[in-house]
Amino acid sequence: AYKDKIVYFMGIEKAEFHEPLFPGDRLVLDVDIPPFMRSFGKSTGRLMVRGKIVSTISMLFAIVDP
């Protein structure tokens with residue numbers, strides 16, 4: 001459903017940091033995008049460093065045609 005679409009990050013609604021981050025850390029963001037019928041949506045995600053969750057986030061996004 002999202003193939004060949006462009007996703008725009010619109011903002012952060014809520015973010016909680018559970019561990020400190022340091023220069024040189026490689027951040028991996030894992031996002032759950034729920035099904036929706038509009039071109040705007042809200043998702044939740046986890047920010048991880050070395051496989052450990054260091055932050056949880058709720059963000060807003062838009063999906064549009066190129």
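**Salt bridges and strands in a four-stranded sheet**

Asp32 and Arg46 make a good place to start: the two form a salt bridge, and their closest N and O atoms sit 3.0 Å apart. This pair links distant parts of the chain, with Asp32 in strand β2 and Arg46 in strand β3, 14 residues apart. All of this comes from a predicted model. Asp32 is partly exposed, at a relative accessible area of 37%, and Arg46 is partly exposed too, with a value of 22%. The cut-off for buried is under 20%, so Arg46 at 22% does not count as buried. The pair isn't on its own, either, as Asp30, Asp32 and Arg46 are linked in a network of salt bridges.

Asp32 also shows how far a chain can stretch out. Asp32 and Phe22 are 10 residues apart in sequence, yet their C-alpha atoms lie 25 Å apart in space.

Now for the overall layout. The protein has 66 residues, and 24% of them count as buried. Its C-alpha atoms fill a box of roughly 35 × 20 × 15 Å along the principal axes. There are four strands and zero helices, which gives the pattern β-β-β-β when read along the sequence.

How are the strands arranged in the sheet? The four strands form an open sheet with the order β1-β4-β3-β2, and the pairing is antiparallel. The edges are taken by β1 and by β2 (27–32), each of which pairs on one side only. Neighbouring strands are turned against each other by 30° on average, if direction is ignored. As for what holds such an arrangement together, strands of a sheet pair through backbone hydrogen bonds, and they can do so in a parallel or an antiparallel way.

The pairing of β1 with β4 can be followed in some detail. Strand β4 covers residues 52–64, and 10 bridges join it to β1, with the two strands running antiparallel. One of the residues involved is Phe9, whose bridge partner in β4 is Phe61. Ser55 is found in strand β4 as well. With a relative accessible area of 3%, Ser55 is buried, since the cut-off for that label is under 20%. A polar atom of the Ser55 side chain lies 2.9 Å from the backbone oxygen of Glu16.

Back to the charged side chains. How many salt bridges turn up in a search of the whole structure? The count is seven. Among them is the one between the side chains of Lys52 and Glu19, which meet at 3.4 Å, N to O. Lys52 belongs to strand β4 and Glu19 to the loop between β1 and β2, so this salt bridge ties together parts that are 33 residues apart in sequence. Both partners are partly exposed: Lys52 has a relative accessible area of 46%, and Glu19 has one of 33%.

The loop between β1 and β2 takes part in another salt bridge as well. Here Asp25 pairs with Arg50, and the closest N and O atoms are 3.6 Å apart. Arg50 lies in the loop between β3 (40–49) and β4, while Asp25 lies in the loop between β1 and β2, so the pair ties together parts that are 25 residues apart in sequence. What about the solvent side of things: is Arg50 buried or exposed? Arg50 is exposed, with a relative accessible area of 73%. The label fits because exposed means over 50%.

Charged residues aren't the whole story on the outside. Ile6, Tyr8, Met10, Phe40 and Leu60 form a nonpolar patch on the surface, and together they have about 460 Å² of accessible area. Which strand supplies the largest share of this patch? That is strand β1 (residues 6–17), with three residues. Met10, one of the patch residues, lies in β1. At 49% relative accessibility, Met10 counts as partly exposed. The line for exposed is drawn at over 50%, so Met10 with its 49% stays in the partly exposed group.

Terms used: Residues are numbered from 1 along each chain as its sequence is written. This is a predicted model: local features need pLDDT of at least 70, side-chain atom pairs count only at pLDDT 80 or more; totals for chains, interfaces and linings use all residues. Side-chain values use heavy atoms; hydrogens and water are left out. Patches are made of residues with over 30% relative accessible area and no salt bridge: like charges are joined within 9 Å, nonpolar side chains (Val, Leu, Ile, Met, Phe, Trp, Tyr) within 5 Å. Accessible areas come from the Shrake-Rupley method with a 1.4 Å probe; for residues, only the protein chains shown count as cover. Buried means under 20% relative accessible area, exposed over 50%, partly exposed in between (1.4 Å probe, protein chains only). Two strands pair if DSSP finds at least two bridges between them. Axes are lines fitted to C-alpha atoms, for helices over the stretch in contact, and angles run from 0 to 180 degrees between N-to-C directions. A polar contact is a pair of N or O atoms within 3.5 Å; within protein, one must be able to donate a hydrogen and the other to accept it, and residues adjacent in sequence count only if both atoms are side-chain atoms.
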